[in-house]
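Student: Please choose one part of this structure and take me through it closely. I should like the terms explained as they arise.

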Amino acid sequence: MWVALLFIGLQQLEGHVVAPQVFGHTLRINPLWLIFALLLAPHAVRVIGALIAFPVAAVLRETAVYLRRHLSLESWERSPRGLL
């Protein structure tokens with residue numbers, strides 16, 4: 001019984017702490033975002049969501065970084081005569 005409890009405890013520690021830290025460092029994503037992705041994805045599309053949660057999070061992060069670097073927003077100035 002003690003071995004089973006130890007195994008369950010270590011498995012939970014590895015799944016909830018160690019894996020997000022390692023994947024977060026490798027994918028350059030905050031581990032908290034990975035935990036949220038892993039918690040929310042299975043609710044959206046079941047088992048497939050759990051399998052693709054980390055790759056989708058990595059793609060979203062890279063897309064955000066790309067847009068932040070290459071997209072520049074300009075302010076709209078109002079014309080002096082109103083709308084047109």
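**A network of charged side chains**

Tutor: Arg28, Arg61 and Glu62 are joined in a network of salt bridges, where a salt bridge is a side-chain nitrogen of Lys or Arg within 4 Å of a carboxyl oxygen of Asp or Glu. The model is a predicted one, in which local features need pLDDT of at least 70 and side-chain atom pairs count only at pLDDT 80 or more, while totals for chains, interfaces and linings use all residues. Residues are numbered from 1 along each chain as its sequence is written, and side-chain values use heavy atoms, with hydrogens and water left out.

The structure holds two salt bridges. In one of them, the side chain of glutamate 62 meets that of arginine 28, at 3.2 Å from N to O. Glutamate 62 belongs to helix α2 and arginine 28 to the loop between α1 and α2, so this pair ties together parts that are 34 residues apart in sequence. (Helices are DSSP runs of H or I with at least four residues, numbered from the N terminus.) Glutamate 62 also forms a salt bridge with arginine 61, and here the closest N and O atoms are 2.7 Å apart.

The three partners can also be described by relative accessible area, for which buried means under 20%, exposed over 50% and partly exposed in between (1.4 Å probe, protein chains only). Arginine 28, at 54%, counts as exposed. Glutamate 62 is partly exposed at 36%, and arginine 61 is partly exposed at 25%.

Arginine 61 leads from the network to the packing of the two helices. It is one of the α2 residues that α1 meets; the others are Pro31, Leu34, Ile35, Phe54 and Ala58. On the α1 side, the residues in contact (heavy atoms within 4.5 Å) are His16, Pro20, Gln21, Phe23, Gly24 and Leu27. Helix α1 covers residues 2-27 and helix α2 residues 31-70; they pack at an angle of about 50 degrees, with their axes 7 Å apart. That angle makes α1 oblique to α2.

Further residues of α2 help to place this region. Threonine 63 also lies in helix α2, and its relative accessibility of 39% makes it partly exposed. The C-alpha atoms of threonine 63 and valine 45 are separated by 22 Å, the two residues being 18 residues apart along the chain.

Arginine 46 is likewise found in helix α2, and with a relative accessible area of 62% this residue is exposed. From arginine 46 to phenylalanine 23 is 21 Å, C-alpha to C-alpha, and 23 residues in sequence. Phe23 has already appeared among the α1 residues that meet α2.

Glycine 49, also in helix α2, has 2% relative accessibility and therefore counts as buried. Leaving aside its neighbours within four places in sequence, glycine 49 is in contact with Ala41 and Pro42. Its C-alpha atom is 9.1 Å from that of alanine 37, which is twelve residues apart from it along the chain.

To return to the part chosen, glutamate 62 forms a salt bridge with arginine 28 and another with arginine 61.

Technical notes
Axes fitted to C-alpha atoms, helices over the stretch in contact; angles between N-to-C directions. Parallel < 35°, antiparallel > 145°, perpendicular 65-115°, else oblique.
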